[in-house]
Amino acid sequence: MSYVDEVFDLVVEKNPAQPEFHQAVKEVLESLRVVIEANEEAYRRDALLERLVTPERQLLFRVPWVDDQGQVQVNNAFRVQFNSAIGPYKGGLRLHPSVNLGIIKFLGFEQIFKNSLTGLPIGGGKGGSDFDPKGKSDREVMAFCQSFMTELSKYIGADTDVPAGDIGTGAREIGYMYGQYKRIKGVYEGVLTGKGLSYGGSLARTEATGYGLLYLTAEMLKCNGHDISGKTVVISGSGNVAIYACQKAQQLGAKVVTVSDSTGWVYDPEGIDVALLKEVKEVKRARLTEYAAARSSAEYHEGRGVWGIKCDVALPCATQNELLIEDAKALVANGCLAVAEGANMPTTMEATEYLQANGVLFAPGKAANAGGVATSALEMSQNSERLSWTFEEVDSKLQNIMVNIFHNLDNAAKKYGMEGNYVAGANIAGFLKVAEAMTAQGIV
């Protein structure tokens, strides 16, 4: 049995009932097979893959808090510090009822390679809780965040582990967490990113993941003989990533015709009205039915259906495993040119392989959505220097990082005889840097 297969079997055996983690590891190891087989003796001797797929530290803890009725509630919380070979752990905190250890491990594992691709000195980590901020009062959210940070603060720091926001963790939650960290530790440091502008946050951080997705997508199209201007784009999701992907796509001359949320989706053939979408989702925190009610050109549909709309570019920006094999077939049948992942692992492996086999340009999330963590690292730099850069400065650095990511993964794919396979290129480019650092630092 090959080293790759041995290690994957070991992951499944040692991490039962964690399908998302198994999926992420399998996808990465399969595309690294050519690199690993060329270095198998040294990697096997140093157990490099076993160390790569095993977190350096897994933290599981309870979060007790009191709701508005005076009832004590208890949530499960996690922080997986996966790999610090190239820098302090860096990755978001997800607050969602679906959160469990397997999902946090899948996200943390992906984060290793994503962070490596940015070219910045940040390692991979992820965290979160099964707490659901939806429907909670500000006081309840604050009570949870303060209790959560009371425990998490023991394990994080500006040069140790720097969490950020993710699904369910926005500016409000980061603010409450930062205040509690500062209160407990008595230091004012850049321990969280995604902070408010009045206390160390970075301009362009809110827009970064969505903008970065479009910068990489535009570069991928350009390098394959296409211009994003004039293209029809379908987007899933209506959160932070989707909103700013929509905004940047339209700035670049494309027309976005769909967005979705957990209950349904909107098709707007005249192009999504970003200002209205922001009002509905960021201000009112309402459902997309309100978008459709306020805009005569929009059609609202229950359930799923975004990927059935004819488009040139598809950008899944909602959650993991949302683009299925039947969706991939619909996109190919409708002549879709490119798919770029705005969420983490939103396309199933079967759908990814189908899209690639049918000539669709495919940019994986660890590359395409790296703009958020890249700008978080830029926020860390600003905090360390006690400086605040302009929006234009941060946006320019972000664009350069995303363009470089595309060329790095493109070059890696070509070097290993897999030209056009950007999934393999991203994994290889991210892996080689981490493997070199791990080897240099000895058996730790």
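In this predicted model, the side chain of Ser-2 makes a polar contact with the side chain of Arg-33, at 3.1 Å. A second polar contact, at 2.9 Å, links the Ser-2 side chain to that of Asp-5. Ser-2 itself sits in the segment before helix H1, which covers residues 3-14. Is this serine buried or exposed? Its relative accessibility comes out at 17%, and because the cut-off for buried is under 20%, Ser-2 counts as buried. Looking beyond residues up to four places away in sequence, what else does Ser-2 touch? Arg-33 turns up again here, along with Glu-37, Glu-40 and Arg-44.

Next come the strands, starting with E7 (residues 255-260). This strand is mostly covered, with five of its six residues buried. On one side of the pairing story is strand E6 (residues 232-236), which runs parallel to E7 and is joined to it by three bridges. Within that pair, Val-256 of E7 has Val-233 standing opposite. To get from E6 to E7, the chain passes through helix H9 (residues 240-251), making a β-α-β crossover that is right-handed.

E7 also pairs with strand E8 (residues 264-267), and here the sense is antiparallel, again over three bridges. Val-259 finds its bridge partner in Val-266 of E8. How many residues lie between E7 and E8 in the hairpin they form? There are three.

As for the nonpolar interior, the largest core holds 63 residues, and the members touching the most others are Ile-235, Tyr-291, Leu-315 and Ile-405. Which helix gives this core its largest share? That is H8 (residues 205-223), with nine residues. Another core lies apart from this one; it has 41 residues, including Val-4, Leu-49, Phe-113 and Met-345.

Leu-315 is worth a look of its own, leaving aside its neighbours within four places in sequence. Its contacts include Leu-213, Leu-214 and Thr-217, and helix H8 spans residues 205-223. Leu-315 is also in contact with a run from Val-233 through Val-234 and Ile-235 to Ser-236, while strand E6 covers residues 232-236. Trp-307 and Ala-340 complete the list of Leu-315 contacts. Two residues from this set have come up already: Val-233 is the one opposite Val-256 in E7, and Ile-235 is among the core members that touch the most others.

How values were computed
Residues numbered from 1 in each chain as written. Predicted model: local features only at pLDDT ≥ 70, side-chain atom pairs only at ≥ 80, totals over all residues. Heavy atoms only, no water. Core = buried A, V, L, I, M, F, W, Y, C linked by side-chain atoms within 4.5 Å. Buried < 20%, exposed > 50% of the residue type's maximum accessible area, 1.4 Å probe, protein only. Helix = DSSP H or I, 4+ residues; strand = E, 2+ residues; numbered from the N terminus. Contact = heavy atoms within 4.5 Å. Pairing = 2+ DSSP bridges. Right-handed = clockwise from strand over helix to strand, strands pointing away. Polar contact = N/O pair within 3.5 Å; in protein donor to acceptor, adjacent residues only side chain to side chain.
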